[in-house]
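Work through the following exercises with the sequence and the coordinates side by side, and try each task before reading its solution.

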Amino acid sequence: MQAFCKLNGLVAPLDRSNIDTDAIIPKQFLKSIKRTGFGPNLFDEWRYLDHGEIGMDCSKRPLNPAFVLNQPRYQGAQILLTRENFGCGSSREHAPWALLDFGFRVVIAPSFADIFANNCFKNGILPVVLPAEDVARLFAEVAATPGYRLHVDLEKQQVTTPGGEVFRFAVDAFSKKCLLQGLDDISLTLEHVDEIKAFEARRKLEEPWLFGSSRR
C-alpha cells in the first residue's frame, strides 16, 4: 500500500449527501479483485450518459458535461470534497479502489460510513472528517476559486487552505501509523513473519498429524 504523509492537491467538490458505494462503483463492475482498473468506472452512472457495462471502452462513451469530475477545472483532482454519510450502503472494498485508481488520495466530509472509512485507510486513502460548517465554507471557497488546492498533513492532522486557515481533524493512532508507513493488513502480518515461522515449526513438532506425518 502506498504510504500517505502530506498532499497539496486540487479539490473537486461533489455536493451530495448519502452517496452510497453503488454510486461510487456500480455493482456490474465488481467482478475483478485486482484492485486496479476501476477508475474509469468511478461514479459511472453520473459521469456517462449511457449505461456502463464491464469491458466497455470508456474513452468512447458520451460524458455527462454537468457532472463535476468531467469539468476541465477539476481534472487531476486528488482531494474529493463531499457531504455527510459518504460511502454508505454495501461494504464493497471496490469503492476505495475506484477512488484511488481515479487519483483521489483524500476525501473530506462531515461523516463517513464506518466500513467505508476503514477500507479507505487499508487502501491508502485518507478520510478526513470536518464539521459540516467547515465543509460548507470549503465548498464556497472551491466554487469561487478555480484551481483551489488544499494542503493535507496527516502527521499534524490538519488541513490548510490557500489563505492559511487551518482545520484540525481527528484520526485514531493505529490507522494513522498504518497510513503513514503504508501498512495494509498483509504488511502488518509480515512484520511478525519470524514469530509465525517459529510458531509453525513448534506446532509441527507438537502436532505432526496436522501436517500429514506422524512422530517416530
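**Exercise 1: a charged pair within a helix**

Asp134 and Arg137 both belong to helix 5 (residues 132-144), where three residues, about one turn of the helix, separate them. The model is a predicted one, and the task is to decide how the side chains of Asp134 and Arg137 are related and how far each is open to solvent.

*Solution.* Begin with the spacing: an α-helix has 3.6 residues a turn, so residues three or four places apart point the same way. Next, take the distance between the charged groups: the closest N and O atoms of Asp134 and Arg137 are 3.5 Å apart, and the two residues form a salt bridge, for which the cut-off is 4 Å. Finally, compare the accessibilities: Asp134 counts as buried at 14%, whereas Arg137, at 38%, is partly exposed.

**Exercise 2: salt bridges elsewhere in the chain**

Determine where the partners Asp50 and Arg61 lie and which network they belong to, and describe the pair formed by Arg203 and Glu207.

*Solution.* The structure holds eight salt bridges. One of them joins the side chains of Asp50 and Arg61, with an N to O distance of 3.0 Å. This pair links distant parts of the chain, 11 residues apart, although Asp50 and Arg61 are both placed in the loop between helix 2 (44-47) and strand 2 (79-82). Their surroundings can then be read from the accessibilities, since Asp50 is partly exposed at 27%, while Arg61 is buried at 6%. The side chains of Arg203 and Glu207 also meet in a salt bridge, at 3.1 Å from N to O; here Arg203 is partly exposed at 32%, and Glu207 is partly exposed at 27%. As for the network, salt bridges that share partners join Asp44, Asp50 and Arg61.

**Exercise 3: strand pairing and a hairpin**

Establish in which sense strand 5 pairs with strand 1 and with strand 6, and locate the residue with a positive phi in the turn of the hairpin.

*Solution.* Strand 1 (6-14) pairs with strand 5 in the antiparallel sense over five bridges, and within this pairing Gly9 stands opposite Leu150. Strand 5 (149-153) and strand 6 (158-160) are likewise antiparallel, over three bridges, with Val152 opposite Val159. Strand 5 and strand 6 form a hairpin with four residues between them, and the turn contains Gln157, whose positive phi is about 55°. The sign deserves attention, given that most residues other than glycine have a negative phi. Gln157 counts as buried, at 15% relative accessibility. Asn18 also has a positive phi, near 55°, but it is found in the loop between strand 1 and helix 1 and is partly exposed at 46%. To complete the picture of strand 6, consider Thr160, which is buried at 18% and, leaving aside neighbours within four places in sequence, is in contact with Leu150, His151, Glu165 and Val166.

**Exercise 4: the nonpolar core and the cover of helix 4**

Identify which members of the largest nonpolar core touch the most other members, and find what covers the buried residues of helix 4.

*Solution.* In soluble globular proteins, nonpolar side chains tend to be buried together. The largest nonpolar core here has 57 residues, of which Phe43, Phe86, Leu99, Ile108 and Leu126 touch the most other members; strand 1 supplies the largest share of this core, with five residues. Phe43 serves as an example, for beyond its neighbours within four places in sequence its contacts include Leu14, Ile24, Phe67, Phe86 and Leu99. In helix 4 (residues 114-121), the buried residues are Phe116, Ala117, Asn119, Cys120 and Phe121, and their cover includes helix 1 (21-24), helix 3 (94-102), strand 4 (126-129) and helix 6 (173-181).

**Exercise 5: the cysteines**

How many disulfides does the structure contain?

*Solution.* With a cut-off of 2.5 Å between cysteine sulfur atoms, the count comes to zero. Cys5 is in no disulfide, as the nearest cysteine sulfur, that of Cys178, is 15 Å away; Cys5 is partly exposed at 37%. The sulfur of Cys88 is 13 Å from the closest cysteine sulfur, in Cys120, which is too far for a bond, and Cys88 is buried at 15%.

Conventions
Residues are numbered from 1 along each chain as its sequence is written. This is a predicted model: local features need pLDDT of at least 70, side-chain atom pairs count only at pLDDT 80 or more; totals for chains, interfaces and linings use all residues. Side-chain values use heavy atoms; hydrogens and water are left out. Buried means under 20% relative accessible area, exposed over 50%, partly exposed in between (1.4 Å probe, protein chains only). Helices (H or I, at least four residues) and strands (E, at least two) are DSSP runs, numbered from the N terminus. Contact means heavy atoms within 4.5 Å. Two strands pair if DSSP finds at least two bridges between them. A nonpolar core is a set of buried Ala, Val, Leu, Ile, Met, Phe, Trp, Tyr and Cys residues joined through side-chain atoms within 4.5 Å.
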